[in-house]
Amino acid sequence: MYMLIAIAVTVLVIALAWRGIGAGASGDESSQTPTVRPARPRSRTVAPDDDPEFLREIDRKLRGGEDKS
């Protein structure tokens, strides 16, 4: 009995996988519309050592300028 259930589950998994893999490869291409993702705006992450304000603050602390703490 367990062997029959194992075979049935295996056949079901193979059939679903086959259908899933074959869905994008074949079929009527006119009915399928390609998915187009909108372009994301590119943001540039600035590291602390590239930030001019951070560098000025470090320079001010090293030279003995204003003490804000």
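Visitor: How many helices and strands are there in the protein?
Guide: The model is a predicted one, in which local features need pLDDT of at least 70, side-chain atom pairs count only at pLDDT 80 or more, and totals for chains, interfaces and linings use all residues. Residues are numbered from 1 along each chain as its sequence is written, and side-chain values use heavy atoms, with hydrogens and water left out. Helices (H or I, at least four residues) and strands (E, at least two) are DSSP runs, numbered from the N terminus. The protein has two helices and zero strands.

Visitor: What percentage of the 69 residues count as buried?
Guide: A residue is buried under 20% relative accessible area, exposed over 50%, and partly exposed in between (1.4 Å probe, protein chains only). Accessible areas come from the Shrake-Rupley method with a 1.4 Å probe, and for residues only the protein chains shown count as cover. Of the 69 residues, the share that counts as buried is 0%.

Visitor: Which residue forms a salt bridge with D59?
Guide: A salt bridge requires a side-chain nitrogen of Lys or Arg within 4 Å of a carboxyl oxygen of Asp or Glu. D59 is partly exposed because its relative accessibility is 34%. With the closest N and O atoms 2.9 Å apart, the partner of D59 is R63.

Visitor: Which side chain meets that of E57 in a salt bridge?
Guide: E57 and its partner R60 are three residues apart in helix α2, so about one helical turn separates them. At an N to O distance of 2.9 Å, the side chain that meets E57 is that of R60.
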